[in-house]
Amino acid sequence: MATKLAFTTLRGDGGRPLFWKNHWQRLAKSWQYFGHTSLDGHDSLYEKICLELAPEDCIIRIDLLSDGLFQLTKRELSCRDDDQGIRLKLSQEKLKDRAVPSWLKCGDYSKQLEKRNTLQKNGFEDYLFLDSNDCVAESTVSNIIWAKGEKFFTPKASAFFLQGLSVDMLLENFSKQFECNNYLLDSLLGCDAAWLINAVTGPRQILSIDDHTFSRSIPKLDLDQLYWQLVKMDRTARDE
């Protein structure tokens, strides 16, 4: 029986998968990591995804199986146009070495999601995790980026957390505006603005971490603008 090796999660954008090229590259790279050669099925998988997105844009999880086939799971795409920002709680649980490359999305997230669901009943949206060196890492399913002055900051890729597609694309296309390093919590708390980001939700501004509240003034740098540039670039490439 085929087992799940890795997965990626994407959203629809006008009936097409957003950032499809990047998602496929991650799947193909994952396939090679597990000792295989080139991954087949690009065109047929793309067609299946488009069929799923045809009635209405949604979120689709693609599991790469050990036999080289794919399993699709879809769920509703919730609109966040009225998102007022999110509140985070600092987790007392420190992240351990994942023992896989920072780009590889694999494993069972059900326990982490269950903990997040419980947390949301207490007025918080998600946890902020530090690694075992007390450096800022990630939330349950998102990376974190913050702005201070004329720069964006984000933790550099490490063995402790998954570096998602959105951060990869931002660093690839706007590298001069970013600084990546190992950051203690004080660096984040002293920022002008902070966001959680993944390939499904895009950037979501952070209102607070525990009792620390961030300024609601408009920062010099706006991550939303960079993200929407990525979306526009993807749409242009899609239409060529």
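Colleague: What share of the 240 residues in the protein is buried?
Modeller: This is a predicted model, so every value here is computed from it. A residue counts as buried under 20% relative accessible area. By that cut-off, the buried share of the 240 residues is 46%.

Colleague: What radius of gyration does the protein have, and what would a compact globule have?
Modeller: The C-alpha trace spans about 50 × 35 × 35 Å along its principal axes. A compact globule with 240 residues would have a radius of gyration near 18 Å. The protein agrees with that, because its own value is 18 Å.

Colleague: How many helices and strands does the protein have?
Modeller: Helices and strands are counted separately here. The protein has 6 helices and 13 strands.

Colleague: Among contacts between residues at least 6 apart in sequence, what percentage join residues at least 24 apart?
Modeller: Take the contacts between residues at least 6 apart in sequence. Then pick out those that join residues at least 24 apart. Their share is 70%.

Colleague: Which element gives the largest share of the largest nonpolar core?
Modeller: Nonpolar side chains tend to be buried together in soluble globular proteins. The largest nonpolar core here has 20 residues, and Phe19, Ile145, Phe152, Leu170, Phe178, Ile197 and Leu223 touch the most other members. Strand 8 (143-148), helix 4 (165-173), strand 11 (193-198) and helix 6 (223-239) each give two or more residues to this core. The largest share, 5 residues, comes from helix 6.

Colleague: Which residues of helix 4 (165-173) and helix 6 (223-239) does isoleucine 197 touch?
Modeller: Leave out residues up to four places away in sequence. Isoleucine 197 then touches Ser142, Asn143, Ile145, Gly202 and Pro203, among others. From helix 4 (165-173) it touches Ser166, Val167 and Leu170, and from helix 6 (223-239) Leu223 and Tyr227.

Colleague: How many residues are in the other core, apart from the largest one?
Modeller: This other core lies apart from the largest one. Among its members are Ile86, Leu88, Cys191 and Phe214. Its residue count is 18.

Colleague: Is serine 208 buried or exposed?
Modeller: Serine 208 lies in strand 12 (residues 202-209). It touches Ile86, Arg87, Leu88, Thr213 and Phe214, not counting residues up to four places away in sequence. Its relative accessible area is 3%, so serine 208 is buried.

Colleague: What is the strand order in the open sheet of 4 strands?
Modeller: The pairing in this sheet is antiparallel. Strand 2 (16-17) and strand 4 (70-76) are the edge strands, each pairing on one side only. 7 bridges join strand 1 to strand 3, and 7 bridges join strand 3 to strand 4. The order is 2-1-3-4.

Colleague: Which residue in strand 4 is the bridge partner of isoleucine 62?
Modeller: Strand 3 covers residues 58-65 and runs antiparallel to strand 4. In strand 3, arginine 61 is the bridge partner of threonine 9. For isoleucine 62, the bridge partner in strand 4 is leucine 72.

Colleague: How many of the 8 residues of strand 3 are buried?
Modeller: Strand 3 forms a hairpin with strand 4, with 4 residues between them. Strand 3 is largely enclosed by the rest of the structure, because its buried residues number 7 of the 8.

Colleague: What angle does the direction of helix 1 make with that of strand 1?
Modeller: Helix 1 (residues 20-33) packs on the sheet. It touches strand 1 (4-13), strand 2, strand 3 and strand 4. Its direction makes an angle with that of strand 1 of about 175°.

Colleague: What phi does alanine 99 have?
Modeller: Most residues other than glycine have a negative phi. Alanine 99 lies in the loop between strand 5 (86-90) and helix 3 (110-120). It counts as exposed, at 64% relative accessibility. Its phi is positive, about 65°.

Colleague: In which loop does aspartate 134 lie?
Modeller: Aspartate 134 also has a positive phi, near 65°. At 37% relative accessibility, it counts as partly exposed. Its loop is the one between strand 6 (126-130) and strand 7 (136-138).

Colleague: Why is cysteine 135 not bonded to cysteine 180?
Modeller: The structure holds 0 disulfides. Cysteine 135 is buried, with a relative accessible area of 11%. The closest cysteine sulfur to its own is in cysteine 180, and that is too far for a bond because the distance is 13 Å.

Notes: Residues are numbered from 1 along each chain as its sequence is written. This is a predicted model: local features need pLDDT of at least 70, side-chain atom pairs count only at pLDDT 80 or more; totals for chains, interfaces and linings use all residues. Side-chain values use heavy atoms; hydrogens and water are left out. A nonpolar core is a set of buried Ala, Val, Leu, Ile, Met, Phe, Trp, Tyr and Cys residues joined through side-chain atoms within 4.5 Å. Buried means under 20% relative accessible area, exposed over 50%, partly exposed in between (1.4 Å probe, protein chains only). Contact means heavy atoms within 4.5 Å. Two strands pair if DSSP finds at least two bridges between them. Axes are lines fitted to C-alpha atoms, for helices over the stretch in contact, and angles run from 0 to 180 degrees between N-to-C directions. A disulfide is a pair of cysteine sulfur atoms within 2.5 Å. The radius of gyration is taken over C-alpha atoms; the globule rule is 2.2 Å times the number of residues to the power 0.38.
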